[in-house]
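Trainee: I would like to look closely at a single part of this protein, the stretch where its strands pair up. Please walk me through that part and what lies around it, one step at a time.

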Amino acid sequence: MKQYLIQYKPFLMFLAKFFLTYIVLTIIYQFYLNTFEGNKMDLITQLVAKNTEQLMHFFNADLIVVKDSESYIKLIYKQQYLARIIEGCNAISVIILFASFIVAFSGKVKQTLFFIITGGIVIYILNVIRIALLVVLMYNYPQEGELLHGTLFPLFIYGVVFILWVIWVNKFSLYAKKTIRT
């Protein structure tokens, strides 16, 4: 048994770092969400809605963001209610997953933190763009709503996360540094 632990130590360390980071960040995020009583909308989700509205207005798009409920925000495009933003739309769970992987394949501390922060910002911005595009496409192709929301846009956002992971592992992680020397 000991030989297996020694043989698979890098893999087991990866799993331990990944799950520990994921659990800790998820608990912190859940604690943050619990500070909002009842079904009140958290500030990050409200910021995502505001940034989506700002992006749409930058392109002179007719979008109105209405906080109609305590738990979601309506997106009204060209006087048509097309979508709503809920807590799950703010990409924080994706950023937590991204950060957990980066920590699991950690590099130097400053580089790791910088990549997590930079990658998190990229994911956040792409998520705002995703929501804006989703609204426009759902207006123009309402019959494709499920395909757009359930398949294409998650594929896009997770595809970007995957590309960021590949860049991290190949360019900045300790693993990349070890493989360069060999």
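**The paired strands and their surroundings**

Mentor: Let's begin with the whole chain. Among contacts in the protein chain between residues at least 6 apart in sequence, 62% join residues at least 24 apart. Keep in mind that you are looking at a predicted model. The secondary structure of the chain comes to seven helices and three strands. Reading from the N terminus, the order of elements is α-α-α-β-β-β-α-α-α-α, which puts the strands after three helices and before four others. The C-alpha trace spans about 65 × 35 × 30 Å along its principal axes, and buried residues make up 37% of the 182 residues.

Now for the strands themselves. Strand β1 covers residues 63–66 and strand β2 covers residues 73–77; the two run antiparallel and are joined by four bridges. Together β1 and β2 form a hairpin, with six residues between them. To follow the pairing by eye, find Leu-63, which stands opposite Tyr-77 in β2. Then find Val-65, whose opposite residue in β2 is Leu-75.

The next strand is β3, residues 80–85. It pairs with β2, again in the antiparallel sense, this time over five bridges. Here Tyr-77 turns up once more, standing opposite Gln-80 in β3. So β2 has a partner in β1 and another in β3. Is β2 enclosed or open to the outside? Four of its five residues are buried, so β2 is largely enclosed by the rest of the structure.

The turns deserve a look too. The hairpin of β2 and β3 has two residues between its strands, and in that hairpin Lys-78 takes a positive phi near 50°. Gln-79, in the loop between β2 and β3, also has a positive phi, about 60°, although Gln-79 is not a glycine. With a relative accessible area of 67%, Gln-79 is exposed. A similar case comes before the strands: Asn-60 sits in the loop between α3 and β1. Asn-60 is not a glycine either, yet has a positive phi of about 55°. Asn-60 counts as exposed because its relative accessibility is 71%, and the cut-off for exposed is over 50%.

What do the strands touch? A good guide is Ala-49, which is found in helix α3. At 1% relative accessibility, Ala-49 counts as buried. Leaving out residues up to four places away in sequence, Ala-49 touches Val-65, Ile-73 and Ile-85. Look those up in the ranges we used: Val-65 falls in β1 and Ile-73 in β2, while Ile-85 falls in β3. Ala-49 also shows how the fold brings distant parts of the chain together: Ala-49 and Ile-86 are 37 residues apart along the chain, while their C-alpha atoms are separated by 9.3 Å.

Just ahead of α3 there is another residue to pause on. Asp-42 is placed in the loop between α2 and α3. Where would you look for a partner to its charge? Asp-42 is buried but has no salt bridge, and the nearest side chain of opposite charge, that of Lys-67, is 9.4 Å away. Asp-42 does have other polar neighbours. Its side chain makes a polar contact of 2.6 Å with the side chain of Thr-45, and a polar atom of the Asp-42 side chain lies 3.2 Å from the backbone nitrogen of Ile-44. Setting aside neighbours within four places in sequence, the contacts of Asp-42 are Tyr-29, Tyr-32, Leu-33, Phe-36, Glu-87 and Asn-90.

Finally, follow the chain past β3 to helix α4, residues 92–104. Its 13 residues reach 18 Å from first C-alpha to last, close to the 18 Å expected at 1.5 Å a residue. Helix α4 is mostly covered, with 10 of its 13 residues buried; among them are Ile-92, Val-94, Phe-98, Phe-101 and Ala-104. What covers the buried residues of α4 includes α2, α3, α5 and α6. Helix α3 therefore appears in both views: as one of the elements covering α4, and as the home of Ala-49, the residue from which we reached the strands.

Conventions. Residues numbered from 1 in each chain as written. Predicted model: local features only at pLDDT ≥ 70, side-chain atom pairs only at ≥ 80, totals over all residues. Heavy atoms only, no water. Expected span 1.5 Å × (residues − 1). Buried < 20%, exposed > 50% of the residue type's maximum accessible area, 1.4 Å probe, protein only. Contact = heavy atoms within 4.5 Å. Lys, Arg positive; Asp, Glu negative; His and termini not counted. Salt bridge = Lys/Arg side-chain N within 4 Å of Asp/Glu carboxyl O. Polar contact = N/O pair within 3.5 Å; in protein donor to acceptor, adjacent residues only side chain to side chain. Pairing = 2+ DSSP bridges.
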